[in-house]
Amino acid sequence: VETLPSDGATEPAPGTDVEMVDQAAAAEALVGLPLDEATKVAEELGWEVRVSTLDGVSQALTMDLRSNRVNVAVVDGVVTGVDSVG
């Protein structure tokens, strides 16, 4: 998997008070939903969604850590798993 240079961000901006997403809770909330719907649900919960695996192919990702970002696997437009949080 190729990684891209970080934009320098390691956490959300100071004062945003974002808690780390629980991976099991994210999987429960998002798996089985179409990507667009999963993105809406995640945003309502204060999370960001990033596709880390698309149709079985790992995607290039930045190395920055965001405690509210959920990295998801998507197959045929549907979220099939949560690869990681961060």
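## Overall fold

The protein has two helices and six strands. This is a predicted model. Read from the N terminus, its elements follow the order β-α-α-β-β-β-β-β. Both helices therefore come between the opening strand and the remaining five in that order.

The protein has 86 residues, and 30% of them count as buried. Its accessible surface is about 5100 Å². Carbon and sulfur atoms account for 54% of that surface. Take the contacts between residues at least 6 apart in sequence: 46% of them join residues at least 24 apart.

## The four-stranded sheet

Four strands make an open sheet in the order β3-β2-β5-β6. The pairing is mixed. β3 and β6 (78-85) stand at the edges, and each has a single partner strand, so one side of each lacks a neighbour in the sheet.

In general, the strands of a sheet pair through backbone hydrogen bonds, in either a parallel or an antiparallel sense. Both senses occur here. β2 and β5 run parallel and are joined by six bridges. β5 (residues 69-75) and β6 run antiparallel, also with six bridges. β2 and β3 are antiparallel too, paired over two bridges.

Individual bridge partners fix the register. Between β2 and β5, Val49 is partnered by Val70 and Thr53 by Ala73. Between β5 and β6, Val72 stands opposite Val82, and Val74 has Val79 as its bridge partner. Between β2 and β3, Leu54 is partnered by Val57.

## Two hairpins

β2 and β3 form a hairpin with two residues between them. Asp55 lies in the turn and has a positive phi of about 50°.

β5 and β6 form a hairpin as well, again with two residues between the strands. Here Asp76 takes the positive phi, near 50°.

## Helices across the sheet

Which strands does helix α1 lie across? Helix α1 (residues 23-30) lies across β2 (48-54), β5 and β6. Its direction is at about 170° to β6.

Helix α2 (residues 35-44) lies across β2, β5 and β6. The angle of α2 to β2 is about 145°.

## The nonpolar core

The largest nonpolar core holds 13 residues. Val21, Ala26, Leu30, Trp47, Val70, Val72 and Val79 touch the most other members. α1, α2, β5 and β6 each supply at least two residues of this core.

Leu30 shows how these parts meet. Leaving out residues up to four places away in sequence, Leu30 touches Ala38, Val41, Ala42, Trp47, Val49, Val70, Val72 and Val79.

Is β5 largely enclosed or largely open? Six of its seven residues are buried, so β5 is largely enclosed by the rest of the structure.

## Thr53 and its surroundings

Thr53 sits in strand β2. Thr53 has a relative accessibility of 18%, so it counts as buried, the cut-off being under 20%. What does its side chain meet? The side chain of Thr53 makes a polar contact with that of Asp83, at 2.7 Å.

Beyond its neighbours within four places in sequence, Thr53 is in contact with Ser58, Gln59, Val72, Ala73, Val74 and Asp83. Ala73 is also its bridge partner in β5.

## Ser58 and Gly81 in the edge strands

Ser58 belongs to strand β3 (residues 57-58). With a relative accessible area of 46%, Ser58 is partly exposed. Ser58 and Ala73 are 15 residues apart in sequence, and their C-alpha atoms are 8.7 Å apart.

Gly81 is in strand β6. Is Gly81 buried or exposed? Gly81 counts as buried, at 15% relative accessibility. Not counting residues up to four places away in sequence, Gly81 touches Val31, Asn71, Val72 and Ala73. Gly81 and Thr53 are 28 residues apart in sequence and 9.2 Å apart in space, C-alpha to C-alpha.

Methods: Residues are numbered from 1 along each chain as its sequence is written. This is a predicted model: local features need pLDDT of at least 70, side-chain atom pairs count only at pLDDT 80 or more; totals for chains, interfaces and linings use all residues. Side-chain values use heavy atoms; hydrogens and water are left out. Buried means under 20% relative accessible area, exposed over 50%, partly exposed in between (1.4 Å probe, protein chains only). Contact means heavy atoms within 4.5 Å. Accessible areas come from the Shrake-Rupley method with a 1.4 Å probe; for residues, only the protein chains shown count as cover. Two strands pair if DSSP finds at least two bridges between them. Axes are lines fitted to C-alpha atoms, for helices over the stretch in contact, and angles run from 0 to 180 degrees between N-to-C directions. A polar contact is a pair of N or O atoms within 3.5 Å; within protein, one must be able to donate a hydrogen and the other to accept it, and residues adjacent in sequence count only if both atoms are side-chain atoms. A nonpolar core is a set of buried Ala, Val, Leu, Ile, Met, Phe, Trp, Tyr and Cys residues joined through side-chain atoms within 4.5 Å.
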